[in-house]
Amino acid sequence: MQHIIKKILSSESSAGVILLLSAVFAIVAQNVEFLSKYYEAFLHLSFTIGVGSAKLDESMHFLVNDVLMAIFFFAIGLELKREKIEGQLRHFSQILLPSFAALGGVMMPAIIFSIINWGDAVAMKGWAIPTATDIAFAVGVMALLGKKIPASLKIFVLTLAIMDDLCAILIIALFYSSTINVIYLGGAAVCVAIMLAMSRLGVDKKLPFIIVAVVLWVMV
């Protein structure tokens, strides 16, 4: 049994299967009446980390969206960084195509959505919803296909999805935020500057980067 579980977890396509099955289960659980209340209860199940006033009291929803997704994007970023240093994104010209594709993937869905919903003031507030590419599903589908797709296509899709999500974050910040906390934004900028400085100075210990990264996570 242990051998089977180890084999499943080590298989790249297994991750894609698990992701898609989980998505199907979530859709069913959310839309079937007698399951939806249990699903919502699970999403809002609270947990506490820390002691006294220095504690984090959040829900499972927060854990997935703000912790696990941050780790996921970090892993994707590392893969793209590797490709930029020694792989298929070494030259600026190789980044241009997925970047322009991402811009098209942001603009065209927003335009189509606006054309369909023009005149409906309430619906028009959601014009940005179709602009973002779900990178988790993109990675899941590619994992499902495994080695059947070329590495160049995988890198292209990852770069496109990252650029697309960066555009979506900017849209949220510019059009859907009521206020901007300058102190936290400044703190985030300082954290980024510190990590860049450590990188320039040749710091090769992981712990300083992890500490600053956690502070950066809190700031954003």
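## Exercises on helix 7, helix 8 and the core

In this predicted model, confidence bottoms out in helix 1 (residues 2-10), with a mean pLDDT of 63, and peaks in helix 9 (residues 182-200), at 93. Across the chain the average is 82, and 92% of the residues score at least 70. Keep a general caution in mind: where pLDDT is low, the predicted coordinates should not be read in detail.

**Exercise 1.** Work out how helix 7 and helix 8 are oriented to each other, and which residues make their contact.

*Solution.*

Step 1. Start with the axes: those of helix 7 (residues 135-145) and helix 8 (residues 151-175) come within 10 Å and cross at roughly 170°.

Step 2. Angles over 145 degrees count as roughly antiparallel. Helix 7 and helix 8 are therefore roughly antiparallel to each other.

Step 3. Now list who touches whom. Helix 7 brings Ile135, Ala138, Val139 and Met142, while helix 8 brings Lys154, Val157, Leu158, Ala161, Ile162 and Asp165.

Step 4. Sort that contact by class, and you get eight nonpolar residues, two charged ones and no polar ones.

Step 5. Check burial on helix 7: its buried residues are Ile135, Ala136, Ala138, Gly140, Met142 and Ala143. Just after the helix comes Gly146, with a positive phi near 60°.

**Exercise 2.** Find the residues of the largest nonpolar core and say which helix gives the most to it.

*Solution.*

Step 1. The core's 11 residues are Ile76, Leu80, Leu89, Ile95, Ile135, Met142, Ile149, Ile155, Leu158, Ala161 and Ile162.

Step 2. At least two residues each come from helix 4 (60-86), helix 7 and helix 8. Helix 8 gives the most, with four.

Step 3. Look for a second core, too: apart from this one lies another, of six residues, including Ala188, Cys191, Met198 and Val212.

**Exercise 3.** Is Ile162 buried or exposed, and what does it touch beyond four places in sequence?

*Solution.*

Step 1. Place the residue: Ile162 sits in helix 8.

Step 2. Its relative accessible area is 15%, and buried means under 20%, so Ile162 is buried.

Step 3. Leaving out residues up to four places away in sequence, Ile162 touches Phe73, Ile76, Leu80 and Ile135.

Step 4. Turn to Ile135 with that sequence filter kept: Ile135 touches Phe72, Phe73, Ile76, Leu158, Ala161, Ile162 and Asp165.

Step 5. For a long-range check, take Val24: Ile162 and Val24 are 138 residues apart in sequence and 24 Å apart in space, C-alpha to C-alpha.

Notes:
Residues numbered from 1 in each chain as written. Predicted model: local features only at pLDDT ≥ 70, side-chain atom pairs only at ≥ 80, totals over all residues. Heavy atoms only, no water. pLDDT = per-residue confidence, 0-100. Buried < 20%, exposed > 50% of the residue type's maximum accessible area, 1.4 Å probe, protein only. Axes fitted to C-alpha atoms, helices over the stretch in contact; angles between N-to-C directions. Parallel < 35°, antiparallel > 145°, perpendicular 65-115°, else oblique. Contact = heavy atoms within 4.5 Å. Nonpolar A, V, L, I, M, F, W, Y, C, P; charged D, E, K, R; others polar. Core = buried A, V, L, I, M, F, W, Y, C linked by side-chain atoms within 4.5 Å.
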